[in-house]
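Dear colleague,

Please find below the structure that I am handing over to you, together with its sequence. My findings follow directly after it.

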Amino acid sequence: MKQKIFITTPIYYVNARPHIGHAYTTIACDTWARYQRLAGREVFFLTGTDEHGDKIVKAAAAEGKTPAEYCDTISGEFRTAWQKLGLTPDDFIRTTEDRHKRVVQQILQKIYDAGDIYAGEYTGNYCFGCERYLTDKELNDKGECVIHLKKPEVISEKNYFFRMQKYLPLWKAQLLQNRSLVSPEGYCNEVLGTIDELIKNGEDLSISRPKTRLEWGIELPFDKEYVTYVWFDALINYVSATSYGNPQQFDAWWATAHHMIAKDILKPHGVYWPTMLMAAGIPVFKRLVVHGYWLGFADQKMSKSLGNAKDPLELAAKIGNDALRFFLMREMNFGSDARFSEEIMVNRLNANLANDLGNLVQRTLSMLKKYECGPNPQTAPHTSAAHIDASLKTLKADYLRTFDNFEFQYAIEAVFVVIRSLNKIVDDYKPWSLAKENMTECTALLNTLVRAIAVVLLYLRPVLPEKTAEYLTLLKVTSQQEFPETLAEVAFAEQKLDAWPMLFQRMETV
Ligand code: MSP
């Protein structure tokens, strides 16, 4: 039986059309999912849209639509965007679907029956952008939300509360025992700090909104005058999409749950969600992995509200799905913020894809054609093959370790270390000179290089799925191993290559 892996993106609010920030997380999960499938695991990759709450009602009204119509449109845009970008989610959940509403009500009732939900009065600073009450620490010196740069509204209302305080010390103890539950490490510390702060102020979590103020939500099963607070509703998507209520399906997938998010939603995921799970009698997720922000002009977080976010489909139409994906995965150090600009993008793509990889492939294939010596798998390996094999062994170990740990930039860089060493072999052995002096060695060298190119293409599949598929087909490559650690593990067919598409074009602008 294959090992199971469950990976989720946040479910995106439908008040904004998909932008680069959303694309990054979804592409990162897709890259990881593809890697895990190739590594022999059975993957369930979940994404979707978060459709309830004030924010959505306002956005729908601004476009003159009912919330339901509006959600259908924008949710559809997310779904289409992921298809166009070539992403492979196994399921797409919408919080307006019955399968989700049913589970939210079931879990609410369960927690209510256990006495962990009670009625009370609440006054606080509510940020409509965050869809939650903010603490003073979350305001800047102008009293604005640090994420949305808008003053929160002071709101007072009767609400239902979840006894989060009861579970905070339990969650803290669990996290201290296993810090890898939240990573990279800095974010685990941040969660621990937030838990302490919440324990100190003693507040529970408001989980309802009166229908007099908001109707667009999931009705509380124990009070028809209220709907569920959008975060309490949204977080449950991760279990409602996983056949909660059907233990045969649910247990095995849930035990491997990996949630990927950016740091903007660390508090709901790192604090609310685990305490909710504990109250519902569901084990806490296996891992919460957190990345930083893509920063646009003036190093501001790219977002709809700041109007500085790029359209991923527009970019992909210009440079291709793979190039966009490569840039995002290689440029950001997972966990830290990264700058997004045309110049950074052009430099990265030219350096890695056009120069390192493109050059290696282009010159190797051109020489094979020019000297009419392959691809031919029958040729004896070149003397450089032993050195290449040694580097492949290191590659495999580094690649598997860093990929498993969501260090996309290091996994990709490990492949490029090999690609650059192959270019150096070409420069050092000069096949164009060998072609005049020693055709046997020239043939051995070029065919060893084709074999090595096949290997690096196999390793680049999760991050360049379209181009690698095209080239692996072109070169008629087969492999005994998904991630070979010797040149001998790959095979390719003998053929005369006549023409081939350019792998990556150098570019001046995007
Ligand atoms: N609906 C909630 C999530 C509920 S999950 C149970 C939400 N939606 S959102 O549309 O605002 O998406 C936030 C997520 O989008 C971030 O956590 C991140 O995954 C992605 N990003 C949005 N802007 C981003 C950047 N500028 N940089 C990096 N990621 C970004 O919050």
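In this predicted model, Ile5 of strand E1 has Val43 of strand E3 opposite it. The two strands, E1 (residues 4–8) and E3 (residues 42–50), run parallel and are joined by 5 bridges. E1 also pairs with strand E13 (residues 257–262), again in the parallel sense, over 3 bridges. Within that second pairing, Ile7 has His258 of E13 as its bridge partner.

How many of the residues of E1 are buried? The count is 5 of 5, and the strand is accordingly described as mostly covered. Lys4, Phe6 and Thr8 point one way from E1, while Ile5 and Ile7 point the other way. Residues on either side of the strand are buried, Lys4 included.

A separate element is an open sheet of 4 strands with antiparallel pairing, in the order E6-E5-E7-E9. Its edges are formed by strand E6 (132–134) and strand E9 (205–206), each of which pairs on one side only. Strand E5 (residues 117–127) is joined to E7 by 10 bridges, and the two run antiparallel. Asn125 stands opposite Val154 of E7 in this pairing. On the way to the E9 edge, strand E7 (residues 153–162) is connected to E9 by 2 bridges, also with an antiparallel run. Two residue pairs can be located there: Phe161 stands opposite Ser206 in E9, and Phe162 has Leu205 of E9 as its bridge partner.

I turn next to helix packing. Two packed helices are described by the angle between their axes and the distance between the axes. For helix H5 (residues 164–177) and helix H10 (residues 266–280), the axes come within 9 Å and cross at roughly 105 degrees. Because an angle of 65 to 115 degrees counts as roughly perpendicular, H5 is roughly perpendicular to H10. On the H5 side, the contact is made by Met164, Tyr167, Leu168, Leu170, Trp171 and Gln174. On the H10 side, Gly270, Val271, Tyr272, Pro274, Thr275, Met278 and Ala279 take part. Sorted by class, the residues of this contact comprise 10 nonpolar, 3 polar and no charged ones.

The remaining findings concern salt bridges, of which a search of the whole structure finds 32.

One of them joins Arg325 and Asp30, whose closest N and O atoms are 2.8 Å apart. This pair links distant parts of the chain, since Arg325 belongs to helix H12 (residues 321–331) and Asp30 to helix H1 (residues 20–38), 295 residues apart. Are the two partners buried or exposed? Arg325 has a relative accessibility of 2% and therefore counts as buried. Asp30 is likewise buried, with a relative accessible area of 0%.

Another salt bridge is formed by the side chains of Glu197 and Lys137, at 4.0 Å from N to O. Glu197 lies in helix H6 (residues 185–201) and Lys137 in the loop between E6 and E7, so the pair ties together parts that are 60 residues apart in sequence. Glu197 is partly exposed, with a relative accessible area of 26%, whereas Lys137 is exposed, at 66%.

The side chains of Glu138 and Lys267 also meet in a salt bridge, at 3.7 Å from N to O. Here Glu138 lies in the loop between E6 and E7 and Lys267 in helix H10, so the pair ties together parts that are 129 residues apart in sequence. Glu138 is buried, with a relative accessible area of 18%. Lys267 counts as buried because its relative accessibility is 12%, and the cut-off for that class is under 20%.

Finally, Arg330, Asp356, Glu413 and Arg420 are joined into one network by salt bridges that share partners.

With kind regards

Key: Residues are numbered from 1 along each chain as its sequence is written. This is a predicted model: local features need pLDDT of at least 70, side-chain atom pairs count only at pLDDT 80 or more; totals for chains, interfaces and linings use all residues. Side-chain values use heavy atoms; hydrogens and water are left out. Two strands pair if DSSP finds at least two bridges between them. Axes are lines fitted to C-alpha atoms, for helices over the stretch in contact, and angles run from 0 to 180 degrees between N-to-C directions. Angles under 35 degrees count as roughly parallel, over 145 as roughly antiparallel, 65 to 115 as roughly perpendicular and the rest as oblique. Contact means heavy atoms within 4.5 Å. Ala, Val, Leu, Ile, Met, Phe, Trp, Tyr, Cys and Pro count as nonpolar, Asp, Glu, Lys and Arg as charged, and the others, Gly among them, as polar. Buried means under 20% relative accessible area, exposed over 50%, partly exposed in between (1.4 Å probe, protein chains only).
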